[in-house]
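Got the viewer open? Let's take a walk through this one together, selecting a few things at a time.

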Amino acid sequence: MGFGDSDSDEDVRVDLMRELKTASQLQHAWIMQAWQSEPGLHPAAAMLLSDLLKNGEARPSELAKRRFVDLSVVSRQITQLSAAGLIDRRPAPEDGRASLVSVSEKGRAELARWRANYLEFMEKALGGWDDERVTDLTGRLAEMNTDLRRALGSAADLADTTK
């Protein structure tokens with residue numbers, strides 16, 4: 001059943017985490033459905049591209065830390081994004097052996113297309129929600145994520161995309 005064996009043992013925090021996991025699974029299901037209907041860039045690579053757009057140019061090692069994945073995973077995604085012309089690479093000024101990656105113009109256009117599709121989905125799903133309700137939930141989740149990062153420790157601070 002999960003963390004508790006009976007309903008009487010359940011805590012509202014366990015219920016919260018269960019709902020968040022379900023929300024994450026539903027978001028993943030939409031992403032995979034969208035990808036299957038229009039194959040191309042793998043969704044994980046698209047999420048890395050989105051991270052780059054939001055947080056700016058970065059070294060692959062920084063991306064791996066932010067995304068909580070191994071550098072080899074990010075390297076494969078960067079290779080895919082580069083082959084598709086969605087990122088630009090340049091040598092790091094302080095160390096020519098390292099590279100910095102950023103979103104190309106073609107990558108920006110691809111992300112804009114994905115964003116439009118996602119917003120259409122969210123409007124269909126949450127069309128009955130007013131902006132105040134969405135903003136309230138977003139703020140509460142942001143607070144929770146800050147506290148979860150703090151509880152996880154300094155490694156999680158590197159993944160804080162709100163900075």
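Select arginine 133 and tryptophan 129 and show their side chains. The charged end of the arginine sits over the ring of tryptophan 129, at 3.8 Å from the ring's centre. Keep in mind as you look around that this is a predicted model.

Now zoom out and colour by secondary structure. You should be able to pick out seven helices and two strands. Trace the chain from its start and the elements come in the order α-α-α-α-β-β-α-α-α. While you have the whole protein in view, try a surface: about 11,200 Å² is exposed, and 54% of that comes from carbon and sulfur atoms. Of the 163 residues, 23% are buried. If you like contacts, consider those between residues at least 6 apart in sequence: 47% of them join residues at least 24 apart.

Next stop, the strands. Select residues 87-92 for β1 and residues 95-103 for β2; the two run antiparallel and are joined by six bridges. How many residues does the hairpin use to get from β1 to β2? It takes two. Put alanine 92 on screen as well, and you'll find aspartate 95 of β2 standing opposite.

Hide the strands and turn to the aromatic rings. The structure has four aromatic pairs. Start with tryptophan 30 and tryptophan 114: the ring centres are 6.3 Å apart and the planes meet at 85°, so this is an edge-to-face pair. Where along the chain do tryptophan 30 and tryptophan 114 come from? Tryptophan 30 belongs to helix α1 (residues 12-37) and tryptophan 114 to helix α5 (residues 105-126), so show both helices as ribbons; the two residues are 84 apart, and their pair links distant parts of the chain. Are these two tryptophans buried or exposed? Both are buried. For tryptophan 30 the relative accessibility is 9%, which is why it counts as buried.

Leave tryptophan 30 selected and add tyrosine 118. Here the ring centres are 5.0 Å apart with the planes at 65°, so this pair is edge-to-face too. Tyrosine 118 is in helix α5 while tryptophan 30 is in helix α1, so the pair ties together parts 88 residues apart in sequence. Tyrosine 118 has a relative accessible area of 25%, so this residue is partly exposed.

One more ring to add: phenylalanine 121, also found in helix α5. With a relative accessible area of 28%, phenylalanine 121 is partly exposed. Measure from its C-alpha to that of tryptophan 30 and you should get 8.3 Å, although the two are 91 residues apart in sequence. Now show Trp30, Trp114, Tyr118 and Phe121 together: ring pairs link them into a cluster.

For the last stop, go to the loop between α3 (60-67) and α4 (71-83) and select phenylalanine 68. What is phi for phenylalanine 68? It is positive, about 60°, even though this residue is not a glycine. Most residues other than glycine have a negative phi, so that backbone angle is worth a look. Switch the surface back on around phenylalanine 68 and you'll see that this one is exposed, with a relative accessible area of 53%.

Terms used
Residues numbered from 1 in each chain as written. Predicted model: local features only at pLDDT ≥ 70, side-chain atom pairs only at ≥ 80, totals over all residues. Heavy atoms only, no water. Helix = DSSP H or I, 4+ residues; strand = E, 2+ residues; numbered from the N terminus. Buried < 20%, exposed > 50% of the residue type's maximum accessible area, 1.4 Å probe, protein only. Contact = heavy atoms within 4.5 Å. Areas by Shrake-Rupley, 256 points an atom, 1.4 Å probe, with all protein chains shown as cover. Phe/Tyr/Trp six-rings, centres within 6.5 Å; stacked < 30°, edge-to-face > 60°. Lys NZ or Arg CZ within 6 Å of the ring centre and 35° of its normal. Pairing = 2+ DSSP bridges.
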